[in-house]
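User: I am new to this structure and would like a close look at one part of it. Could you start from one residue in a loop and then lead me on through its surroundings and the rest of the fold?

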Amino acid sequence: MKNRVNPKNKEHLSILGFGCMRFSKSESEVEEQIIHAIENGVNYFDTAYIYPNSEVILGRILAKGYRKKVNVATKLPPYLVKKYEDFDKLFYKELQRLQTDYIDYYLMHMLTDLVTWDRLKELGVVQWIDEKKKSGEIRNIGFSYHGGKSEFIKILDAYEWEFCMIQYNYLDENNQAGKSGLKYAASKGLPVMIMEPLRGGKLVNNLPKEVYKTFEAAKVKRSPAEWALKWIWDQPEVTLVLSGMNSMEMLNENMRVASETDVNAFTEVEKTMFDQVKKTLHEKIKVPCTGCNYCMPCPVGVDIPTCLSCYNDIEIEGRIGAFSKYLMQTSLKSEPHNASLCVKCGKCEKHCPQEIKIIEELENVTKKLEGVLYKPIRAVAKRFMKL
């Protein structure tokens, strides 16, 4: 298993992290997989307060003599924090579940905008973090991110973070935090953990046939999953990649790939192949937005790149998947940024280097992703997040 050094604390982290959001149904199988991963050098395990039974199962397994051999990452759900006392209430529940007295890497979960972080600051989160860092109960503090590029930069600059986690893969090179966000975080000396390297399996099972043919024609024979992982690990700014491995077969394949990969190892031929893969995928999407953010800020708050990204995701994720992302990334924030807020002022179109008819495309986004069920589902989701 290859390791990379955390630039903040000089700790060696396995480049493959074990994502614990979806365990297999059998706890005995999960235990076998986790122990096998540890014995083969995986030393980073990522869970969260809201992952069903995940912290409990991970805690039971690690308590059998493995806790000090690994780094545990878990997350605080901001929407469940209504007052200062809730920080301790949620955190100590997590320690109890995980059967530990400290968390190696603790994240603010699913930050999507600076407003959410500012609300936590008003409730005293900075003081609370300082206390937990001083006591040794939290060793590294960071956040996981789901939102547009500009808000990611704002959050990075708003606090002395010690690491961050972003969604990143060859299809999302210009979406969400994107490559520019990855490089900016790295320039600040932050380790960057990667989630969704395979887009929840979409970059393995839902690719156009032309992409499969491109991979099959490569001189070195690799599966789409192996190509996608190696594309990420080829980049020196990446510290580790999380994979939700719910079978021994998948675990062994990912560990093999992780043991055979290096930084900047792609040949020019392989880079050209990926250019073709990305070109093929982008030809399938609806709007040629590169996420450059020149159209931002919108005077009425529409997150234009994110809206267009979710619209494009209909081709890859399907309608339901794209709608779910759209709801989370634009409509469940403290301040909504959805497409229907557009007032057609035209400011954005004057700055778009791709000459996209943004007003027209935002109308398409509204039609496709803000249908009759949009408002009632958003209302239910917002009530849930206020519980």
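Analyst: Asparagine 53 counts as partly exposed, because its relative accessibility is 44% and the partly exposed range lies between 20% and 50%. Please keep in mind that this is a predicted model. Asparagine 53 sits in the loop between β4 (44-46) and α2 (54-62). What stands out in its backbone is phi: asparagine 53 has a positive value of about 65°, although it is not a glycine.

Glutamate 196 offers a second case of this kind. Its phi is near 55°, again a positive value in a residue other than glycine. Glutamate 196 belongs to the loop between β9 and α8 (202-205). With a relative accessible area of 27%, glutamate 196 is partly exposed.

From that loop we can step back into strand β9, which covers residues 192-195. Val192 and Ile194 point one way from β9, while Met193 and Met195 point the other way. Whichever way they point, all of these residues are buried.

Which strands does β9 pair with? One partner is β8 (residues 163-167), which pairs with β9 in the parallel sense over four bridges. Within this pairing, methionine 165 stands opposite methionine 193 in β9. To get from β8 to β9 the chain passes through helix α7 (residues 178-187), and this β-α-β crossover is right-handed. Another partner of β9 is strand β10 (residues 240-243), again in the parallel sense, over two bridges. Here methionine 193 stands opposite leucine 240 in β10. Methionine 193 therefore helps to trace the strands: it faces methionine 165, and it faces leucine 240 in β10, with its own side chain buried by the under 20% cut-off.

Now for the aromatic rings. A pair of rings is described by how far apart the centres are and by the angle of the planes. Searching the whole structure gives 27 aromatic pairs. One of them joins tyrosine 159 and tryptophan 161: their centres are 4.9 Å apart, with 70° between the planes, an edge-to-face arrangement. Tyrosine 159 counts as buried because its relative accessibility is 17%. Tryptophan 161 is buried too, with a relative accessible area of 2%.

Another pair is made by tyrosine 170 and tryptophan 231, whose ring centres are 6.4 Å apart and whose planes meet at 75°, so this pair is edge-to-face. The pair connects distant parts of the chain, since tyrosine 170 is in the loop between β8 and α7, tryptophan 231 is in helix α10 (residues 224-233), and 61 residues separate them. Tyrosine 170 and tryptophan 231 are buried. They also belong to one aromatic cluster made of Tyr168, Tyr170, Phe215, Trp227, Trp231, Phe266 and Phe274.

Trp227 leads us onward. Arginine 222 lies over the face of tryptophan 227, at 4.6 Å from the ring centre. Elsewhere, arginine 67 lies over the face of tyrosine 102, at 4.2 Å from the ring centre.

Glutamate 270 joins this picture: leaving aside residues up to four places away in sequence, it touches Val220, Arg222, Trp227 and Ala265. Glutamate 270 is in helix α12, and its relative accessible area of 11% makes it buried. Its side chain reaches the backbone nitrogen of threonine 267 at 3.0 Å.

What comes after helix α12? Proline 297 lies in the loop between α12 (268-284) and α13. The peptide bond from methionine 296 to proline 297 is cis, with omega near 0°.

Beyond this loop is helix α13. Nine of its nine residues are buried, so α13 is largely enclosed by the rest of the structure. Among the buried residues are Ile304, Pro305, Cys307 and Tyr311. Their cover includes α14 (314-331), α15 (347-351) and α16 (358-369).

Threonine 306 gives a closer view of this helix, which spans residues 304-312. Its relative accessibility is 4%, so threonine 306 counts as buried. Its side chain is joined to that of aspartate 303 by a polar contact of 2.9 Å. Not counting residues up to four places away in sequence, threonine 306 touches Gly147, Gly148, Gln329 and Thr330.

Notes: Residues are numbered from 1 along each chain as its sequence is written. This is a predicted model: local features need pLDDT of at least 70, side-chain atom pairs count only at pLDDT 80 or more; totals for chains, interfaces and linings use all residues. Side-chain values use heavy atoms; hydrogens and water are left out. Buried means under 20% relative accessible area, exposed over 50%, partly exposed in between (1.4 Å probe, protein chains only). Two strands pair if DSSP finds at least two bridges between them. A crossover is right-handed if, with the strands pointing away from the viewer, the path from the first strand over the helix to the second runs clockwise. Rings of Phe, Tyr and Trp (its six-membered ring) pair if their centres lie within 6.5 Å; planes under 30 degrees apart count as stacked, over 60 as edge-to-face and the rest as tilted. A charge sits over a ring if NZ of Lys or CZ of Arg is within 6 Å of the ring centre and within 35 degrees of the ring normal. A polar contact is a pair of N or O atoms within 3.5 Å; within protein, one must be able to donate a hydrogen and the other to accept it, and residues adjacent in sequence count only if both atoms are side-chain atoms. Contact means heavy atoms within 4.5 Å.
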